[in-house]
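Me: I would like to learn how to read helix packing in a model. Could you take me through one case?

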Amino acid sequence: MKLLLDHELNLGDADMSNVDDFPKISVVTVVFNGEKFIERAIQSVLSQNYHNLQYIIIDGGSTDGTVDVIKKYEDKLYFWVSEKDKGISDAFNKGIAKASGDVIGLLNSDDWYENNVFYKIAEAYKKNNKCVIHGRVRFWSDENTPYYEVGGNDEIMDRLMSVMHPTVFVPKEIYDRYGVFDLVYKRAMDYELILRFKKRGVCFSYIDEVVANMARGGVSDCHWFATQKEVFVIREKHGIASIKNFFWVVSDVIKIFIRQNLEKAGFDRAVSFYRKIFSRLDKVKL
C-alpha cells in the first residue's frame, strides 16, 4: 500500500506536453471519525501528481483527531468543512455541489486510489466525455494483504451492483441532468444512483485496471441484510419485475451469508475461489 511521491510516479503513456488539455478532476472525500484511515485516502489523491485537480473533503463533525489530520493538508485542498450532516449521501451531495470539475470521483475515508490512475481517468474522459467511467477494485483483508480483485459490467446492473462505486468518475453534467444521491437510502445509495444513470440511458466506459482499493468491513458489509432490503426497494422503484427482484435478493442473501462465514473462519482462499465461481455466473469481470 506504499504511496508514491511525486518524483517516483510513473506516468506511463500520459502526454504531459499539454497539461492544460487535461480535464479538471474533482475528488470528494467524506469522513466521520476516520482518524485511523483518512490520511491514507488523502495521500492517495494528492500523490497522483495530476496537475488539474480539485480536492474537497466533507467531514461530518468528527470528534476524534480527523480534523487535525485534514488541517495538515488544507493548503492543498480546494475546500473542506467539518459540520453535522444527514449521513453519507448528504455529505457526498455537499461535495458534489462544491465541485466544479469536468468529472467527479467520490472516495470514502477508508478507501484509497491506486497510484497514477487519474491520467487514465482523464484519457477515458477525453475519449467520451458523456460516459460514467469505472474500473477494477482491489479488496484488502488487512493492512498488508490484498486478497481479491473485481472489475465491472454495467450491462447487468439490474441484477446486482456490478459497477464498483469507489472506481466511479461521473461527468459533472450527468449529475446536473440526472440528480445526485437520494437521501432516502442509507446503505445502497450508490446502487440507486448508478442504476438511475443506467436506466436514463447514460453510457459507461470501463477501464480494465485497478482504480481504487477497499478494506473489508464497509457499511454494506456490516449491514448486509438491511442493504439487501434497500436493494429490493430500489429495483422496484426502477421498474424491475418483482419476481426477478425477489429471486435475486434471496440468491444474494444466501451467497453473502456463505461468504461472510467463510471469511470469519479465516478461509480466504476458499472465499477467493467462491467469489470467482459466482463472478463468472454473474458475468462480472475478474
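Reply: What follows treats the whole chain briefly, then a helix pair, then a buried helix. This is a predicted model, in which local features need pLDDT of at least 70, side-chain atom pairs count only at pLDDT 80 or more, and totals for chains, interfaces and linings use all residues. Residues are numbered from 1 along each chain as its sequence is written, and side-chain values use heavy atoms, with hydrogens and water left out.

Me: How many helices and strands are there in the protein?

Reply: The protein has 10 helices and nine strands, taken as DSSP runs (helices H or I, at least four residues; strands E, at least two) numbered from the N terminus. Of its 286 residues, 51% are buried, meaning under 20% relative accessible area with a 1.4 Å probe, protein chains only.

Me: How are two packed helices described?

Reply: By the angle between their axes and the distance between the axes. Here the axes of α6 and helix α8 (residues 224–237) come within 10 Å and cross at roughly 20°; axes are lines fitted to C-alpha atoms over the stretch in contact, with angles from 0 to 180 degrees between N-to-C directions. The two helices are therefore roughly parallel to each other (angles under 35 degrees).

Me: Which residues of α6 and α8 make the contact?

Reply: Met 189, Tyr 191, Glu 192 and Leu 195 of α6 meet Glu 230, Val 231, Ile 234, Arg 235 and Lys 237 of α8, contact being heavy atoms within 4.5 Å.

Me: What do the buried residues of α3 pack against?

Reply: They pack against β1 (25–31), β2 (53–59), β4 (103–108), α5 (172–178) and α6 (189–199). The buried residues of α3 (residues 88–98) include Phe 92 and Ile 96.

Methods: Buried < 20%, exposed > 50% of the residue type's maximum accessible area, 1.4 Å probe, protein only. Parallel < 35°, antiparallel > 145°, perpendicular 65-115°, else oblique.
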